[in-house]
Amino acid sequence: MAEKISKLTVLFATETGNSEDLAQRTAEKAEELGFQTETINVSDYDAKDLASVECLVFVGSTWGEGEPPESAWDFHDALVDGDAIDCSKLKFAVLGLGDHDYEQFCEFGKKVDQALEKHGGKRIYARKDCGADYEDEFEAWLDGLFKVIEPA
């Protein structure tokens, strides 16, 4: 049975725009299905606000050797390295983008996924790590996500 969600928050962290595009596409599909959505760049987001989020989809790119995008360092430091984030009411799913040529493939997405759980969040759909040719993997992941959640 699918989780009933009244509002879906889609956060993205991007260096080249791919994560933003996938976040926008996620929100568009969610709205077509009847979800109320909000899409936000993590550079404009305070990680402490996760305490008031019902359901989060995080789409994030890994940059360089496992680092977050430049604009996502504050979010990374607060969520991954911090300990004052309350995610006890949060349901979440994570999509990571990266490059298979790097040893730390999708490391930022992995860290966010682990940190959300560490702070009390409930994973509602398995994290997906996508490489440069992500289109089919993204579509399959998105279809699966919307089988486990539905609008309230």
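1. Let's start with Leu90, which sits in the loop between helix H2 (73-81) and strand S5 (91-97). Please keep in mind that this is a predicted model. Is Leu90 buried or exposed? Its relative accessible area is 2%, and buried means under 20%, so Leu90 counts as buried.

2. What does Leu90 touch, once residues up to four places away in sequence are set aside? Its contacts are Leu50, Val53, Glu54, Cys55, Leu56, Leu116, Gly121 and Lys122. Lys122 is worth a look on your screen: 32 residues separate it from Leu90 in sequence, yet the two C-alpha atoms are 6.2 Å apart in space.

3. Right after Leu90 comes S5, so let's follow the chain into that strand. Seven of the seven residues of S5 are buried, and the strand is therefore largely enclosed by the rest of the structure. If you look at the two faces, Lys91, Ala93, Leu95 and Leu97 point one way, while Phe92, Val94 and Gly96 point the other way. The residues on both faces are all buried, and that includes the charged-type side chain position Lys91.

4. Now for the partners of S5. Strand S4 (residues 55-61) runs parallel to S5 and is joined to it by seven bridges. To find the register, take Val59 of S4: its bridge partner in S5 is Leu95. Between these two strands the chain travels through H2, and this β-α-β crossover is right-handed.

5. S5 also pairs with strand S6 (residues 122-123), again in the parallel sense, over two bridges. Which residue of S6 is the bridge partner of Phe92? That residue is Arg123. On the way from S5 to S6 the chain passes through helix H3 (residues 107-118), in a β-α-β crossover that is right-handed.

6. One further parallel partner of S5 is strand S7 (residues 128-130), held by three bridges. Here Gly96 of S5 has Asp129 of S7 as its bridge partner.

7. A backbone detail you may want to inspect is Cys106, located in the loop between S5 and H3. Its phi is near 55°, a positive value in a residue other than glycine. Cys106 is also buried, with a relative accessible area of 0%.

8. Elsewhere in the model, strands S2 (residues 7-13) and S3 (residues 36-41) run parallel and are joined by six bridges. Lys7 is a handy marker, since its bridge partner in S3 is Gln36. The connection from S2 to S3 goes through helix H1 (residues 18-32), and this β-α-β crossover is right-handed.

9. Finally, H1 leads us to a helix pair. Two packed helices are described by the angle between their axes and the distance between the axes. For H1 and helix H4 (residues 135-148), the axes come within 11 Å and cross at roughly 35°, and the crossing is right-handed. From H1, the contact is made by Leu22, Arg25, Thr26, Lys29 and Ala30. From H4, it is made by Glu135, Phe138, Glu139, Leu142, Asp143 and Phe146. What mix of residue types does this contact hold? The residues divide into five nonpolar, one polar and five charged.

Technical notes: Residues are numbered from 1 along each chain as its sequence is written. This is a predicted model: local features need pLDDT of at least 70, side-chain atom pairs count only at pLDDT 80 or more; totals for chains, interfaces and linings use all residues. Side-chain values use heavy atoms; hydrogens and water are left out. Two strands pair if DSSP finds at least two bridges between them. Helices (H or I, at least four residues) and strands (E, at least two) are DSSP runs, numbered from the N terminus. A crossover is right-handed if, with the strands pointing away from the viewer, the path from the first strand over the helix to the second runs clockwise. Axes are lines fitted to C-alpha atoms, for helices over the stretch in contact, and angles run from 0 to 180 degrees between N-to-C directions. A crossing is left-handed if the near helix is turned anticlockwise from the far one by less than a right angle, and right-handed if clockwise. Contact means heavy atoms within 4.5 Å. Buried means under 20% relative accessible area, exposed over 50%, partly exposed in between (1.4 Å probe, protein chains only).
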